[in-house]
Amino acid sequence: MVGRWTRGLLHLLVGGACAALVAWLTFGFSMTIVTTQGSVRLVMATLVALVGVIVVALLLAPPVRAAEVGLASTLLEVPLTRPADSSSWESRRRGLLWAVIVILLGGTSLLALLWCVPQGLVLLVATVNDGVGESLPEVLRSLPAVAVGALGLALLLLGTLGQVVLVALLRALAPRVLGPTSGDLLLLAEEDRARLLRSHELARELHDSIGHSLTAIGVQAEAGARVASRDPAFAQRALEQISKATRAAVSELDEVLGSLREGTRVDGPPLDPAPSLAPIADLLGDLGPQGRSTITCDDAIGDVGAEAARTAYRVVQEALTNVHRHGSGEARGRVQVEDGRIEILVENPVLGEGTARAGGRGLVGMRERLTLAGGTLVAGPVSLDGRPWWRLEASLPARGDS
């Protein structure tokens, strides 16, 4: 508590020093103008006006409020948000207003320390030693000694305890004057939104890439264990696929975690583009023997934009993952470019009678990706040849990053 009061008093003394400088300059310029005549007086008046304009312009400069926030936060121990907007006129006016408040309260504090305290001590000493003697002003000689002593005590208390009141007043005004402006709140909201969007992007990356790899590992391990005794070659291939999927998962995890560390910057770099859509067979191979699923991809897919290819790749990846999580493990579909858009279709039969896919965030993540890319997603159960199937159709601009 004492340390806070001491630092607050230091802030007041800074304002007091500025007030003393302003008073001295005002007195000096005023006396110069009063004692001069003619053109010299006009020049001095113009100079005074010019100095005033320069001082106001300096106090309206964009860095002033940020410096005031830092100083007030340190010396007054008031929780203040760093200014996100320093160039608007609202922010600049706040900086000028705070400077005026500090100068006025600091001048009052300095006056109380340099006049009230010494005068109070003089009155108390004169009362104790000589009574109401010749050393006091004539207006006080007619007063009783008790009244003079009370006046001295009042001045002494005003000069000392008044500092506590001024510090408390300065601390109370700081959040109101130096607090966030409407521009600050808007920019901070934009920063929070950017961080939230980046967090969602990283969550989708982890869900899609790591989720796909873990599903692939589970599928291969289950298939290899089932036929290991009668088909060692197949089990060997399954183990190789598990090893490949594990290395891919670790690599993608390193990429996402690296982006997460860099993501402390709002304008952090985007994640590296995903692999091209052309090697769809790689995704199919991760999830089981070739031939169980067939996803065709036309030649024009290699000419789409990097971000569009990335989004499409993740959609296909998540769709195939869901095929194994919720379906029979067999899928068919296509990826093609038509009229400047990437069209994705993935269909798979559903095991059992249920066609609903409860739980999970795969569809939510795909829909978020496609919405950000200007695309659409339609997914749900359909009936084909009297059997329950699941159909996923996605569409997005082929040049989404242009």
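**Exercise 1.** Find which residue of β5 is the bridge partner of G380, and work out how β4 and β5 are joined.

*Solution.* Begin with the single pair: G380 has R391 as its bridge partner in β5. Strands here are DSSP runs of E with at least two residues, helices are runs of H or I with at least four, and both are numbered from the N terminus. Two strands count as paired if DSSP finds at least two bridges between them, and β4 and β5, which run antiparallel, are joined by 9 bridges. Next, look at the connection, where β4 and β5 form a hairpin with 2 residues between them, and D385 in this turn has a positive phi of about 55 degrees.

The model is a predicted one, in which local features need pLDDT of at least 70 and side-chain atom pairs count only at pLDDT 80 or more, while totals for chains, interfaces and linings use all residues. Residues are numbered from 1 along each chain as its sequence is written, and side-chain values use heavy atoms, with hydrogens and water left out.

**Exercise 2.** Place β5 within its sheet, and state which strands lie at the edges.

*Solution.* First take the other partner of β5: strand β3 (residues 341–349) pairs with strand β5 (residues 387–397) in the antiparallel sense over 9 bridges. Within this pairing, L345 is matched with E393 of β5, and V346 with L392 of β5. The full order can then be written as β1-β2-β3-β5-β4, an open sheet of 5 strands with mixed pairing. Its edge strands, each pairing on one side only, are β1 (294–297) and β4 (376–384).

**Exercise 3.** Identify the strands that helix α10 lies across.

*Solution.* Helix α10 (residues 306–326) lies across β1, β2 (332–338), β3 and β5, where contact means heavy atoms within 4.5 Å. Its direction is then compared with β3, to which it runs at about 5 degrees; axes are lines fitted to C-alpha atoms, for helices over the stretch in contact, and angles run from 0 to 180 degrees between N-to-C directions.

**Exercise 4.** Determine which helix supplies the largest share of the lining of the largest pocket.

*Solution.* A pocket is an open set of points on a 1 Å grid, fitting a 1.4 Å probe, with protein on both sides within 12 Å along at least five of seven lines, and lining residues have an atom within 4 Å of a point. Of the 25 residues that line the largest pocket, C18, V22, V55, L59 and I103 are the closest to its centre. Helices α1 (2–35), α2 (38–59), α3 (62–76) and α4 (89–129) each supply at least two lining residues, and the largest share, 11 residues, comes from α1.
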